[in-house]
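Work through the exercises below with the model open. Try each task before reading its solution.

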Amino acid sequence: MKKNNKHAYLIMAHHRFDILEELLKDLDDERNDIFLHIDIKARDFPLHHFNRLLQKATLILIKRMDVHWGGYSQIECVGNLLKAATSYGYHSYYHFMVGVEFPLKNQNYIHKFFEHNAGYEFIGFDQKDNNFEERVKYYHVFNEYARNNTYFQKILNKIRIFGVAVQRLFNIDHSKKFGLVLKKGNANWSITHDLAYYIVTHEQTTEKIYRHSFCGDEVFIHTLVYNSRFRKNIYDPNDECHSSMRITTWDNKYNRYYVKDVDLLLNSGRLFARKIDGDDATNLISFIKKKREDQSTY
């Protein structure tokens with residue numbers, strides 16, 4: 001496969017298509033290929049508009065599927081994006097993003113950053129959560145219904161919770177048979193072609209381990225990397241946000257960023273930010289684009 005310096009952006013979106021449009025326009029660069037998944041539940045997606053949106057980057061929409069927060073469908077969708085991107089051609093880096101994420105640097109800065117740090121895997125490992133192993137060690141029935149609002153789906157989620165409680169009581173651990181050190185971290189990352197291909201070739205193993213996991217999207221890649229030769233290439237194994245080069249809203253009580261946060265975002269030293277989906281999100285993006293030009297030299 002011919003090597004080049006192109007980047008692949010893998011984007012999973014299900015709402016706020018106004019923000020997604022701003023994101024895609026910002027990534028519209030001849031050095032980028034963009035692979036986009038739109039949740040099949042999103043019936044208001046303006047397909048024809050987005051197909052005509054970009055002038056320089058290549059936009060590839062992958063087959064739509066029904067994705068549910070917390071379920072294996074999230075992992076499956078990430079895998080589908082990686083398979084599509086690696087099959088399309090070689091990319092020096094693959095960036096997984098959601099539709100309400102936005103770059104804090106322009107494309108010249110981002111490409112130069114990854115050229116300067118070529119070979120590193122930008123994956124962030126959580127140092128605080130000590131209970132995440134329950135996501136994998138227990139068998140989570142109905143794991144696709146953890147964040148749904150119908151009466152029937154709430155019943156299924158209660159059954160899942162009860163089943164976990166029973167397994168905890170009897171000290172069951174389904175993950176032991178795989179002999180892996182489990183790790184968790186930021187589900188958004190930037191990885192090399194070699195690692196992207198490695199993940200794709202471990203698809204069947206991933207399904208065996210995580211088919212009945214809960215929120216396994218924050219575990220499966222981190223565990224795979226930690227238990228592989230790629231572990232030595234982690235950018236910063238001791239700092240989750242620095243290693244992934246992303247700033248997130250985990251410590252933000254509103255769970256999203258607003259215009260008032262623009263200086264916090266731009267002074268963070270990170271390359272990407274999420275979640276940008278407040279009521280002033282388009283204004284925040286305008287401020288980011290205007291102010292970041294003063295910080296555009298890598």
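**Exercise 1.** Find how many bridges join S1 to S4, and how the two strands run.

*Solution.* Six bridges join them, and the strands run parallel. Strands (E, at least two residues) and helices (H or I, at least four) are DSSP runs, numbered from the N terminus. One bridge to locate is that of His 7, whose partner in S4 is Tyr 93. H4 packs on the sheet and touches S1, S2, S4 and S6. Its direction makes about 115° with that of S1 (lines fitted to C-alpha atoms, for helices over the stretch in contact; angles from 0 to 180 degrees between N-to-C directions).

This is a predicted model: local features need pLDDT of at least 70 and side-chain atom pairs 80 or more, while totals for chains, interfaces and linings use all residues. Residues are numbered from 1 along each chain as its sequence is written, and side-chain values use heavy atoms, without hydrogens and water.

**Exercise 2.** Give the strand order of the open sheet, then identify which strands stand at the edges.

*Solution.* Start with the order: S3-S2-S1-S4-S6, with mixed pairing (strands pair if DSSP finds at least two bridges between them). Next, the edges: S3 (58–61) and S6 (190–192) each have a single partner strand, so one side of each lacks a neighbour in the sheet.

**Exercise 3.** List what Ile 288 touches beyond four places in sequence.

*Solution.* Contact means heavy atoms within 4.5 Å. The residues are Phe 102, Pro 103, Leu 104, Val 262, Leu 265, Leu 266 and Ile 276.
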